[in-house]
Amino acid sequence: MLEQVKTAVGYGEEPGLRFAVMLDGRGGCRTLNIAQACTWKPGDGLVWLHFERDHPAAAEWVNTKGDFDLLVAEALLAEDSRPRVEPVDDGLLIILRGVCAAPPEEAREPTPEIDLVPLHIWVDEHRLVTLRDSGHYITALRDIRQALEKGKGPRQAGELLALVSDKLVRDLEPVLDGMDEEVDELDDLIFQGEASEVRQRLKLLRRRSVQLRRYLAPQRDALNRIEHDDAPWLTERDKLRFREVIDKLMRFIEYLDAIRDRTSILHDDLSTVIGERIARSSNRLAALAALLLPPSVVAGLFGMNVGGIPGVDEAWAFLIIVVFIAAISAGTLWILKRIEWL
């Protein structure tokens with residue numbers, strides 16, 4: 001067995017390693033340092049190692065000390081992040097995606113884009129190895145680690161893997177709720193807000209829904225493949241947990257489809273509102289042109305520089321023309337109102 005750690009290793013204190021714990025099989029764990037992780041043997045117990053995928057120290061451990069098949073090591077460190085599952089001997093190579101959160105020590109401004117972090121996983125009966133890119137933070141892993149430290153965590157590999165998958169999917173719910181609330185807000189803004197602002201927000205919202213669905217659909221297929229895998233360390237209880245996670249993920253995908261459909265309807269409504277505003281403005285311009293046309297004709301006729309213009313020598317001619325133009329304008333205004341142009 002590994003010797004007990006004399007001094008606790010803090011989260012992320014060792015290069016490339018975020019944390020390493022050994023499960024005690026009763027819901028608890030104890031922290032390991034990188035040296036102890038390197039001397040670990042399968043008979044020592046279930047160990048969970050979490051690395052930064054793009055850190056040189058993590059790459060060195062995976063390639064030289066992880067005892068992985070060459071193709072597995074390459075896949076764990078690869079840039080490829082599309083969700084998938086590959087069985088290798090009695091283990092599983094898994095790539096999933098989780099919602100990125102800001103580390104507790106950092107304060108970040110909220111962004112309209114959703115950052116989905118690729119999580120590369122190797123799991124077998126004796127160990128779970130997870131890798132994610134540096135600069136990202138996944139609350140799902142933090143919650144499981146804290147539960148283990150309190151003695152209320154998983155007890156074996158299948159349960160740990162199912163819990164990781166469940167937490168990754170769970171973190172999607174607040175994101176979808178926020179998107180749904182934004183759709184409701186935009187629905188109210190369409191008839192009273194600025195069209196350009198509403199159009200831009202609708203564009204970003206549709207882009208987010210497409211981005212999420214792009215990864216959630218293959219993630220559902222990946223989890224479904226885990227559920228049907230015949231690995232000896234996956235119990236029926238674990239598979240039941242995976243079925244619940246898959247059902248939840250399918251509901252989220254349907255939820256995304258509904259959000260996408262609602263944004264399409266809102267876009268059509270916005271186009272209709274903009275068209276009505278343009279038509280209303282056009283009618284007003286046409287009505288104004290119709291009102292100004294008779295006076296313009298009269299002014300044009302009497303403004304010609306030719307002989308024979310009536311009333312040239314009469315003092316009251318200008319007043320008569322003004323009254324005549326006012327009468328024509330009033331008549332034109334009455335006609336426009338009758339045909340509902342005004």
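Is Arg220 buried, partly exposed or exposed? I looked this up before anything else in this predicted model. Arg220 has a relative accessible area of 25%, so I noted the residue as partly exposed.

**Entry: salt bridges**

I stayed with Arg220 and checked its side chain for a partner. Arg220 meets Asp221 in a salt bridge, with 3.5 Å from N to O. Asp221 is partly exposed too, because its relative accessibility is 46%, and the class runs from 20% to 50%.

I then looked up the links between bridges. Arg142, Asp143, Arg170 and Asp171 are joined into one network by salt bridges that share partners. Within this group I took the pair Asp171 and Arg170, whose side chains meet at 2.6 Å, N to O. The two residues fall into separate classes of exposure: Asp171 counts as buried at 13% relative accessibility, whereas Arg170 counts as partly exposed at 26%.

Next I recorded a bridge between helices. The side chains of Arg208 and Glu182 meet in a salt bridge of 2.8 Å, N to O. Arg208 belongs to helix α7 (residues 195-227) and Glu182 to helix α6 (residues 172-189), so this pair ties together parts that lie 26 residues apart in sequence. Both Arg208 and Glu182 are buried. For the whole structure I wrote down 20 salt bridges.

**Entry: aromatic pairs**

I turned to the rings. The count of aromatic pairs is four. One of them is Phe19 with Trp48: the ring centres are 4.9 Å apart and the planes stand at 90 degrees, so I logged the pair as edge-to-face. Phe19 sits in strand β1 (residues 17-23) and Trp48 in strand β3 (residues 47-52), so the contact ties together parts 29 residues apart in sequence. Phe19 and Trp48 are both buried.

I also looked up Phe68 and Trp122. Their ring centres lie 6.1 Å apart with planes at 80 degrees, so this pair is edge-to-face as well. Phe68 is in the loop between α2 (56-65) and α3 (70-77), while Trp122 is in strand β6 (residues 116-123), so the pair ties together parts that are 54 residues apart in sequence. I found Phe68 buried, and Trp122 likewise. Following the ring pairs further, I got a cluster made of Phe51, Trp61, Phe68 and Trp122.

**Entry: positive phi**

Which value does phi of Asp67 take? I read a value near 55 degrees, which is positive in a residue other than glycine. I noted this because most residues other than glycine have a negative phi. Asp67 is placed in the loop between α2 and α3. With a relative accessible area of 74%, Asp67 is exposed.

Asp89 gave me a second entry of this kind: its phi is near 55 degrees, again a positive value in a residue other than glycine. I located Asp89 in the loop between β4 and β5. Its relative accessibility is 77%, so I listed Asp89 as exposed.

**Entry: a charged patch**

Asp89 came up again when I looked at the surface. Which residues form the negative surface patch there? I listed Asp69, Asp89, Asp90 and Glu125. Asp90 lies in the loop between β4 (84-88) and β5 (91-99), and I had already placed Asp89 in the loop between these strands. I checked the exposure of Asp90 last: its relative accessible area is 54%, so Asp90 counts as exposed, the cut-off being over 50%.

Notes. Residues numbered from 1 in each chain as written. Predicted model: local features only at pLDDT ≥ 70, side-chain atom pairs only at ≥ 80, totals over all residues. Heavy atoms only, no water. Patch = residues over 30% accessible without salt bridge, like charges linked within 9 Å, V, L, I, M, F, W, Y side chains within 5 Å. Areas by Shrake-Rupley, 256 points an atom, 1.4 Å probe, with all protein chains shown as cover. Salt bridge = Lys/Arg side-chain N within 4 Å of Asp/Glu carboxyl O. Lys, Arg positive; Asp, Glu negative; His and termini not counted. Charge placed at Lys NZ, Arg CZ, Asp CG, Glu CD. Helix = DSSP H or I, 4+ residues; strand = E, 2+ residues; numbered from the N terminus. Buried < 20%, exposed > 50% of the residue type's maximum accessible area, 1.4 Å probe, protein only. Phe/Tyr/Trp six-rings, centres within 6.5 Å; stacked < 30°, edge-to-face > 60°.
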